[in-house]
Amino acid sequence: MRLTNFSDYTLRMLMFAASAGDQLFTIEETARAFGVSKTHLNKVANTLTRAGYLVAVRGRSGGLKLGRRPEDIRIGDVIRLTEPDFALVECFATGNQCTITRCCKLSTMLHDALSSFQSTLDRYTLADIALMPTDFLGDKSRA
């Protein structure tokens, strides 16, 4: 199993936001810090803003900031927001055509594994993975 780049960038943007504290930050700063596309981060910021994880401040000196306290942002919730599905195998997906679904023992094991994965992520919050501004070495303006 592998998380999408979108989920990866979402977690990185939230970590960057947490390091900013009460200061506004921009998508450009975030893109520079991680060496990723501003276009990708625009999509991430829109998703996070719609979900209330970030707040957008408009205007000339605008930017983004956390919309919730880091302690209130569960990593499991963020991943469920950003991952398109958790269909590890065909029988987990809509339209399952697997011929052994009715007697397969693999699906129970994989459901348990997926449940463990999600419950582990639910135990952690953004506060648990937050970094200091100086940890973002790619962005010299924040050091």
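This is a short tour of selections to make in the viewer, helix by helix and ring by ring.

The model is predicted: local features need pLDDT of at least 70, side-chain atom pairs count only at pLDDT 80 or more, and totals for chains, interfaces and linings use all residues. Residues are numbered from 1 along each chain as its sequence is written, and side-chain values use heavy atoms, with hydrogens and water left out.

**Stop 1: helix α1**

Select residues 5-20, which form helix α1. Helices here are DSSP runs of H or I with at least four residues, strands are runs of E with at least two, and both are numbered from the N terminus. The end C-alpha atoms of α1 are 22 Å apart, which agrees with the 22 Å that its 16 residues should span at 1.5 Å a residue. The expected span is 1.5 Å times one less than the number of residues.

Now colour by accessibility. Buried means under 20% relative accessible area, exposed means over 50%, and partly exposed lies in between (1.4 Å probe, protein chains only). In α1, 12 of the 16 residues are buried. Among them are Tyr9, Leu11, Met13 and Leu14. What do the buried residues of α1 pack against? They pack against α2, α3, β1, β2, α4 and α6.

Pick threonine 10, in helix α1. Threonine 10 is buried, at 0% relative accessible area. Leaving aside neighbours within four places in sequence, threonine 10 is in contact (heavy atoms within 4.5 Å) with Val44, Leu48, Val78 and Thr82.

Move along α1 to alanine 18. Its relative accessibility is 17%, so alanine 18 counts as buried. Not counting residues up to four places away in sequence, alanine 18 touches Leu66, Pro70, Leu126 and Ala130. For a longer distance, label glycine 76: C-alpha to C-alpha, alanine 18 and glycine 76 are 17 Å apart in space, and 58 residues separate them in sequence. Then check the backbone just after α1, where glycine 21 takes a positive phi of about 60°.

**Stop 2: threonine 30 in α2**

Select residues 27-34 for helix α2, and pick threonine 30 within it. Is threonine 30 buried or exposed? Threonine 30 counts as buried because its relative accessibility is 0%. Beyond four places in sequence, threonine 30 touches Met13, Phe16, Phe25 and Leu41.

**Stop 3: the aromatic cluster**

Show Phe16, Phe25, Phe34 and Phe136 as sticks; they form one aromatic cluster. Rings of Phe, Tyr and Trp (its six-membered ring) pair if their centres lie within 6.5 Å; planes under 30 degrees apart count as stacked, over 60 as edge-to-face and the rest as tilted. By this rule there are 4 aromatic pairs. In one of them, phenylalanine 16 and phenylalanine 34 have ring centres 6.2 Å apart and planes at 65°, so the pair is edge-to-face. Phenylalanine 16 lies in α1 and phenylalanine 34 in α2, so the pair ties together parts that are 18 residues apart in sequence. Phenylalanine 16 is buried at 0% relative accessible area, whereas phenylalanine 34 is partly exposed at 22%.

Stay on phenylalanine 34 and add phenylalanine 136. Their ring centres are 5.5 Å apart and their planes stand at 90°, so this pair is edge-to-face. The pair links distant parts of the chain, 102 residues apart: phenylalanine 34 is in helix α2 and phenylalanine 136 in the segment after α6 (126-129). Phenylalanine 136 is buried, at 5%.

**Stop 4: helix α3**

Select residues 38-50. This is helix α3, with 13 residues; it reaches 18 Å from first C-alpha to last, close to the 18 Å expected at 1.5 Å a residue. Which residues of α3 are buried? Leu41, Val44, Ala45, Thr47 and Leu48 are. Look down the axis: these buried residues fall within an arc of 165°, so they line one face of the helix. The arc is that of the directions from the helix axis to the C-beta atoms. An α-helix has 3.6 residues a turn, so residues three or four places apart point the same way. The cover over the buried residues of α3 includes α1, α2, β1 (54-57), β2 (63-66) and α4 (75-82).

Finish at the end of α3. Just after the helix, glycine 52 takes a positive phi of about 85°.
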